Amino acid sequence: MGHEGGKVNGAIKDTIITNDANEFALFNNGIAMLSDETYINERIGQKRKAQLIVKNPQIINGDQTSYMLQ
């Protein structure tokens, strides 16, 4: 599929930019990654929001998707 041009890459990019319905994960399967440590901090002072802290993340599936999000 390649990283430059192409219909698939363009569709991935368009999904994250133009959809307000949060359908990105449904359309693109997101990414799968491993990490040494992962924490969720729910005490950030905002209702229904949290901070995700990931130490030493490694993408194991979804590299094309992550490339298009850069």
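Ile31 comes out as partly exposed in this predicted model, with a relative accessible area of 41%. That puts Ile31 between the cut-offs, since buried means under 20% and exposed means over 50%. As for its place in the fold, Ile31 sits in the loop that runs from helix H2 (24-28) to strand S1 (32-34). Ile31 also has company at the surface: together with Met33 and Ile59 it makes up a nonpolar patch, and the accessible area of these residues together is about 240 Å².

Stepping back to the whole chain, the protein has three helices and four strands. Going along the sequence, these elements follow the order α-α-β-β-β-β-α. Of the 70 residues in the protein, 16% are buried. The accessible surface adds up to about 6,000 Å², and carbon and sulfur atoms account for 49% of that surface. As for how the chain meets itself, take the contacts between residues at least 6 apart in sequence: 45% of them join residues at least 24 apart.

Helix H1 covers residues 7-18. With 12 residues at 1.5 Å a residue, H1 should span 16 Å, and its end C-alpha atoms are indeed 16 Å apart, so the expected and modelled spans agree. The residues of H1 that end up buried are Asn9, Ile12 and Thr15. Looking down the axis of H1, these buried residues fall within an arc of 125°, which means that they line one face of the helix. Turned away from that buried side is a face carrying Lys7, Ile17 and Thr18, which are exposed.

On to charge pairing. Side chains of opposite charge can pair when their charged atoms come close. Searching the whole structure turns up one salt bridge. The partners are Lys55 and Glu37, with 3.9 Å between the closest N and O atoms; the cut-off for a salt bridge is 4 Å, so the pair counts as one. This pair ties together distant parts of the chain, with Lys55 in strand S3 (residues 51-55) and Glu37 in strand S2 (residues 37-41). Although Lys55 and Glu37 are 18 residues apart along the chain, their C-alpha atoms are separated by 5.2 Å. Both partners are partly exposed: Lys55 has a relative accessible area of 42%, while the value for Glu37 is 32%. Glu37 is also one of the residues in contact with Lys55 once neighbours within four places in sequence are left aside. The others on that list are Ser35, Asp36 and Tyr39.

Two loop residues deserve a word for their backbone angles. Arg48, in the loop between S2 and S3, has a phi near 60°, which is a positive value in a residue other than glycine. Arg48 counts as exposed because its relative accessibility is 83%, and the cut-off for exposed is over 50%. Asn56 likewise has a positive phi, near 55°, and is a residue other than glycine. Asn56 lies in the loop between S3 and strand S4 (58-61). At a relative accessible area of 42%, Asn56 is partly exposed.

Definitions and conventions
Residues are numbered from 1 along each chain as its sequence is written. This is a predicted model: local features need pLDDT of at least 70, side-chain atom pairs count only at pLDDT 80 or more; totals for chains, interfaces and linings use all residues. Side-chain values use heavy atoms; hydrogens and water are left out. Patches are made of residues with over 30% relative accessible area and no salt bridge: like charges are joined within 9 Å, nonpolar side chains (Val, Leu, Ile, Met, Phe, Trp, Tyr) within 5 Å. Accessible areas come from the Shrake-Rupley method with a 1.4 Å probe; for residues, only the protein chains shown count as cover. A salt bridge is a side-chain nitrogen of Lys or Arg within 4 Å of a carboxyl oxygen of Asp or Glu. Buried means under 20% relative accessible area, exposed over 50%, partly exposed in between (1.4 Å probe, protein chains only). Contact means heavy atoms within 4.5 Å. The expected span of a helix is 1.5 Å times one less than its number of residues. The arc is that of the directions from the helix axis to the C-beta atoms.
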